[in-house]
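Open the model in your viewer and keep the selection box handy. We will go from stop to stop, picking residues and looking at what surrounds them.

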Amino acid sequence: MAKRPIMLCLVLCLIAGLLFTWPLALNFFSSIPYTLRPISGFERVPLMPGDHLQSYYWYWLFSDNIFGHSALLTNPYEFNGPTGPMSTVYANFPYSILYVVLLFLGPVGGYNGLVLLSFMLCGLAMFLLARTWTKDYWASLMAGLIFAVFPYRVSHIAGGQLTGHVIFFLPLCLYFIEKTLSGGRWFFSAGAGLCLVIVSLMDPHTSYLTALTIGAYFPSRILLIPPPFPSVQEQRGENITFWTGFGGALTGGLSISFMLWIRFWHENELPFWHLDLLQPLISGVIFTLLFWAYLSVLFSRLTTLSFAEARHQVGKLFFFFLPLWLYPLKYRLSVPRLGLIVILFCLGLFSFFLIAQWRRQRNRLPAFNWPGILYAVTGVGLGLTVASAYLMHIRKMVLLPSVASKGRTLAEVRLYSPKVSNFFFWQDINYERFVLLGWGLILLAFVGLIPLFRRNPKKSGYLPLAGALAFLATVLSLGPTLTAFPLYPFLYQYFPFFNYSRLPGRFVMIGMVFFCLLAGMALSAIRDGLASRGWLRLMKWFPPLIIFLILAENHTRQPLGISIMPRGNQFYDQIEKSLSDGKRVLELPVWPGDSHQSSVYEYTVTRTRKPMINGYAPVVVRDYIEKVFWPLFPLNYGELTPREIREMNQLKVDLITFHDDYQVYTNKISPFPPRLALKRLAASPWLEPLSVHRNLSLFKFQGNPGGPGNPPDPGSPVNAVFYAQDLKNQIGQRLFDPSASGFYLLLQDEPLLRGKWVPQTKARGNLIQALPGRDKPGYLIDGPARFLPSGNYISTFRVKTGRASDRREAATLEIIDDRDQNVLTRKKIGGQESGIANNWVDVPLPFKLSSVTRVNFRIYFAGTLPVTVNLVKVGFAGQRNGPGVVEAEDLFRQTGEILPDPLASRGEAVFGQGGYHPPVMLIQGPYRTFDPGRYRIQFYLKAGKNFSGSSDKTVAELGVASDMGKHLFKKRRVTAGDLTGERYKPVAMDFEVPFRCEVDFRVKFESQADVWIDRIEVSARP
């Protein structure tokens, strides 16, 4: 093949890579991508956790195996348990060899070089495969570019997923098979087998997808596509009408679709005209038409019939599926297995006459390239054998001892399954459900199938092969959500190892290979048609236009999310100097190992080369969960008792780090800010503080189980609010009430910004109400099963209990230990609790936790009086409601850090660095309960040292809100001119609370200049 087209393909794919990863080129040596489409404000953030950091770690690890202190192909740094490393996973090799080659660009530059290289490798592999199919340069170039930039793949490489990088081995393997079958050369066959082996070493998921594709593609390719030498078969059928065969296939498709439609409609009890019923109608017809085309080509190859004759004969046989219209009788007649009998009857008739037709017309000397087939079978067979042996070893050593040893449940798979609409629209971006194909590619692929309607089309064997595999891959990518066409559940149930994956969306990568081939063949056919009509100028400009339109449809038109990789951080230097020989680092919070937050800890390894307890892997051994995660789990809340001391001594812990970071210590761990756990750790006599840098704190562990206990545990001014819509209920109805808390959380964001109330699709109401006579006694709320640290608490149940004069028991409030089901405290309430009939009342219920406990709040409805619940609020005892002073460093932060400042009221303040910290919430909280009334709030702010520019430049936005910020009472922009001077200045604004609710104060950082915030003071106004 000429070098010039290949070089042009590589150059164009590189340019496409720069455009589709912009602004990566501007941050090439300092940052790596972390997501395809970031949330507003998070376009450029410091050290965002995610799979990108894990990939960075694995590439770095291989370079450390070569140039550092670790042995080749070992991972001694993470998941270190009592007896040593607990993980047998070694990832990204041999693809990581390319990272070592690119290390001259630096550690970060080498990673980004791999990102851009993936565009070139994927584009080139698809280009080569398309050239073997189309023999058309423009068509092949378009196929290569589309495959390089299609959104699902770009989303994967932006998120650090290896699959997006190595998927090029799939079209490359098919290219080698094509070259083997057409040329019969052994080294192409060896290339196909080598592709299978290499992929199995790197990514079992991609290896499985590749093996499935080869298993479907290889035999069909041999049977459907004749060898390149001339065939003696005559092309007859000039007088045969197309419409008879098409009518039979369409009738059969409608019959099959009707059967699926009736079954799906009846089993799901849907309305007769429900939109989901289009699934079986459309999928059944498409499947049947493609099956008809496939059988027609196969018949033409194995009989003496021309394609037109075979298409005609096979199409007529589909009329035998007409009895499927009797399928609904199974629901009317009491005949055992009537539906199955009808299906088997139709299949039997169709198969019998199909075989009989073949026996009458069979070709006793079909043309096959036997040397090429023998070479291909040998190479692919050996590759599959070696790959299968290695994957079985991985299954034994990694999967079986892990939490995924029994595979994934269909319910778990459904969580990651896309919908049909995901193929056409930009939705669920940055998730495994993001399987966008685009209107242009789908339309072009359908155009590519149009030649099958001609009498004797060119490349008739290629089209049904590509169409069938594109359709099957598309269907499988929907997973179990396509219940009307149950191919995925069938394979899940009966096909080996199919149930190990929970990501059906990755099948779209197989589909993209064949969509690109169909699109390439469509473009080639259009160019031939234009040339035959003499439209040479249009033929010249049409391909670039089509390529541009499809690439434009695939681009996000937004910058890629960039994660800044900190280099000169003294924190990591301190770990290197302070860790004792033979000891390990424990990073807090500790995660179960398969959570992406743990990837930040892998970055610590790349900077320190020190072993740690933590780790991050897609599958985690059970021993890590049982022997490390749960025993050390209380440390996430600052709980340090002799039991945790013993565990850390066994694990050889010497240094402990704590990440006071919204992205690492998430609300999933605790409903309180990480600052609470950090203060408790700092107060422990068993930990010696060593250093603090940005949001990282380092402690020296001084374990001694016989030492003194912890001093009294500090609390937090922040309250945890659990709204009724987030709690389970056994009885009662859910209601919407805009004058109660939580209502705005149920509204869609975009209409709310325009002042319109549009409920979210699955919104269920912000109240739960039980009425006597309608609802039987039972639990009105039960939840949320959240872990809380030790301490004295006051919980508040916001309820209505009907008439104040009625002293009968209305409900019982309970707080329970969710794990042991022990009742921690309870209180019975009656009508007198409401004070005034149907008025909201906050019923306090104190309780105490002696250790970290998973807590549930319950209200048992007695069935005598109406009871309505709005929320449950939990706060530490002694915390006040309403007006008062709150220190900024005790609140939640999405950005910024806490730094010492002698000018601050308690010697510390929250600091946002302009141009470094992202422009999101610098503080938010504390969710205090305010009664209706007018108030004044003062935010104490000051400017940083790098304030410059116009005095009217906005540097922050202040706000007062309820419903977690969605119900905004008042906001104010703060400019540089508002913060002149070196001391903290109060920036005031008045606000009004319309009804009793939980209020939070927030400061949105604009990242235009440095900003400090010390405290917030609120007072009542007359």
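Start with the cysteines: by the rule that a disulfide is a pair of cysteine sulfur atoms within 2.5 Å, the count comes to zero disulfides. Select Cys13 and Cys9: Cys13 is in no disulfide, and its nearest cysteine sulfur, that of Cys9, is 4.1 Å away. Cys13 is also buried, at 0% relative accessibility. (Buried means under 20% relative accessible area, exposed over 50%, and partly exposed in between, using a 1.4 Å probe and protein chains only.) Next, pick Cys195 and Cys173: Cys195 is in no disulfide either, with the sulfur of Cys173 as the nearest cysteine sulfur at 5.1 Å. Cys195 is buried too, with a relative accessible area of 4%.

A word on what you are looking at: this is a predicted model, in which local features need pLDDT of at least 70 and side-chain atom pairs count only at pLDDT 80 or more, while totals for chains, interfaces and linings use all residues. Residues are numbered from 1 along each chain as its sequence is written, and side-chain values use heavy atoms, with hydrogens and water left out.

**Backbone stops**

Most residues other than glycine have a negative phi, and most peptide bonds are trans. Now select Trp22 and Pro23, where the peptide bond is cis, with omega near 15 degrees. Pro23 sits in the loop between α1 (3–20) and β1 (31–35); helices (H or I, at least four residues) and strands (E, at least two) are DSSP runs, numbered from the N terminus. Another cis bond runs from Phe93 to Pro94, with omega near 10 degrees. You will find Pro94 in the loop between β4 (84–85) and α3 (96–101).

For positive phi, go to Lys652, whose phi is near 60 degrees. Lys652 lies in the loop between α25 (642–650) and β7 (653–659) and is partly exposed, at 36% relative accessibility. Then jump to Arg337, which is not a glycine but has a positive phi of about 55 degrees. Arg337 belongs to the loop between α13 and α14 and is exposed, at 66% relative accessibility.

**A surface patch**

Stay in that part of the chain and select Leu326, which is in the loop between α13 (307–317) and α14 (338–361). Leu326 is partly exposed, with a relative accessible area of 47%. Add Leu329, Leu333, Val335 and Ile341, and you have a nonpolar patch on the surface, with about 410 Å² of accessible area together. Accessible areas come from the Shrake-Rupley method with a 1.4 Å probe, and for residues only the protein chains shown count as cover. Patches are made of residues with over 30% relative accessible area and no salt bridge (a side-chain nitrogen of Lys or Arg within 4 Å of a carboxyl oxygen of Asp or Glu); like charges are joined within 9 Å and nonpolar side chains (Val, Leu, Ile, Met, Phe, Trp, Tyr) within 5 Å.

**A buried serine**

Finish at Ser1007, in the loop between β28 (997–1005) and β29 (1011–1021). Is Ser1007 buried or exposed? Ser1007 is buried, with a relative accessible area of 16%. Show its side chain, which reaches the backbone nitrogen of Gly915 at 3.0 Å. A polar atom of that side chain also lies 2.8 Å from the backbone oxygen of His917. Beyond its neighbours within four places in sequence, Ser1007 is in contact (heavy atoms within 4.5 Å) with residues including Gln913, Tyr916 and Pro919.

Note on methods:
A polar contact is a pair of N or O atoms within 3.5 Å; within protein, one must be able to donate a hydrogen and the other to accept it, and residues adjacent in sequence count only if both atoms are side-chain atoms.
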